[in-house]
Structures are given as C-alpha cells and as structure tokens.
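These are my notebook entries on a few points that I looked up in one structure. I began with the cysteines and then turned to a single threonine.

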Amino acid sequence: QVQLAESGGGLVQAGGSLRLSCAASGSITSDNHMGWYRQVPGKQRELVALTTSGGYTEYVDSVKGRFTISRDNAKNTVYLQMNDLKPEDTAVYYCNVRCRWTWSHKDYWGQGTQVTVSS
C-alpha cells in the first residue's frame, strides 16, 4: 500500500504562485509515475503534469511555461510549482502515484487540495 500526503493549496490572487507537495510512503515500485491532476465540479479529472522514474515529464498545454513538476526520489516526494496562476486554474488538485510492474499497474490518490485563484 502507498499513502499520499498533500499540502500547499490555498487562495491566491491572479498572477501569484503556489507550491504543492505530495509525500508518498509505503511500498513504491522503482518504476513509477508521480503526477498532479485537477478537477472542477461537473468536469472530468484532468492530468496537469507528471514525472516518471525514468525522467520523463509531461504537462497539459494550458500550464506549459507556468507550472513545473519536480520530484525528490530520496524523499518520495513530488512537487508542483505553479506560477502566474489564473482563475481558470481554480480546482481541487490531486496527487497521483502509479506503481508499475511488467504486466500491471496500480494508482494511488491523495485526498486533494483546493487551489483557488481570484481575479
């Protein structure tokens, strides 16, 4: 089992910055993905950014150039630095860890942290 503890959400004005953190504990596979998703009421959860144990990163187009995902493998922690925040970034942000084996994978989710950007 893997447990995730998120922190760093809050209320910020447009143009401001926030940094989300997610510390993972438990049995994490060496092959893994760590990422951030977000969800607003009435919409599907969407991928914001992810980073893999192999060093690959990916961002949704709307945050490219503004958000940066990073990870500290020694601490099993993933971060999301969010700069130049916009009202449309308002959502509940969820940390995700995907443990991968040769023929299967398993996803773990954090409890979610609210990010609200005022105009």
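**Cysteines and one threonine**

Entry 1. I worked from a predicted model. I looked up the torsion about the S-S bond of Cys-22 and Cys-95 and found about -80°, so this disulfide is left-handed. The two sulfur atoms of Cys-22 and Cys-95 are 2.1 Å apart. I noted that the count of disulfides comes to 1.

Entry 2. I then asked which strands hold the two cysteines of the pair. Cys-22 lies in strand S3, residues 18-26, and Cys-95 lies in strand S9, residues 91-100, so the disulfide ties together parts that are 73 residues apart in sequence. I also checked burial, and both Cys-22 and Cys-95 are buried.

Entry 3. Why does Cys-99 have no bond to the closest cysteine sulfur? I found that this closest sulfur belongs to Cys-95 and is 11 Å from the sulfur of Cys-99, which is too far for a bond. A disulfide requires the two sulfur atoms to be within 2.5 Å. I recorded a relative accessible area of 0% for Cys-99, so this residue is buried.

Entry 4. I next looked up Thr-52 and located this residue in strand S5, which covers residues 46-52. Is Thr-52 buried or exposed? Its relative accessible area is 11%, and because buried means under 20%, Thr-52 counts as buried.

Entry 5. Finally, I asked which residues Thr-52 touches, not counting those up to four places away in sequence. I listed Asn-32, His-33 and Arg-71 as its contacts.

Conventions: Residues are numbered from 1 along each chain as its sequence is written. This is a predicted model: local features need pLDDT of at least 70, side-chain atom pairs count only at pLDDT 80 or more; totals for chains, interfaces and linings use all residues. Side-chain values use heavy atoms; hydrogens and water are left out. Helices (H or I, at least four residues) and strands (E, at least two) are DSSP runs, numbered from the N terminus. Buried means under 20% relative accessible area, exposed over 50%, partly exposed in between (1.4 Å probe, protein chains only). Contact means heavy atoms within 4.5 Å.
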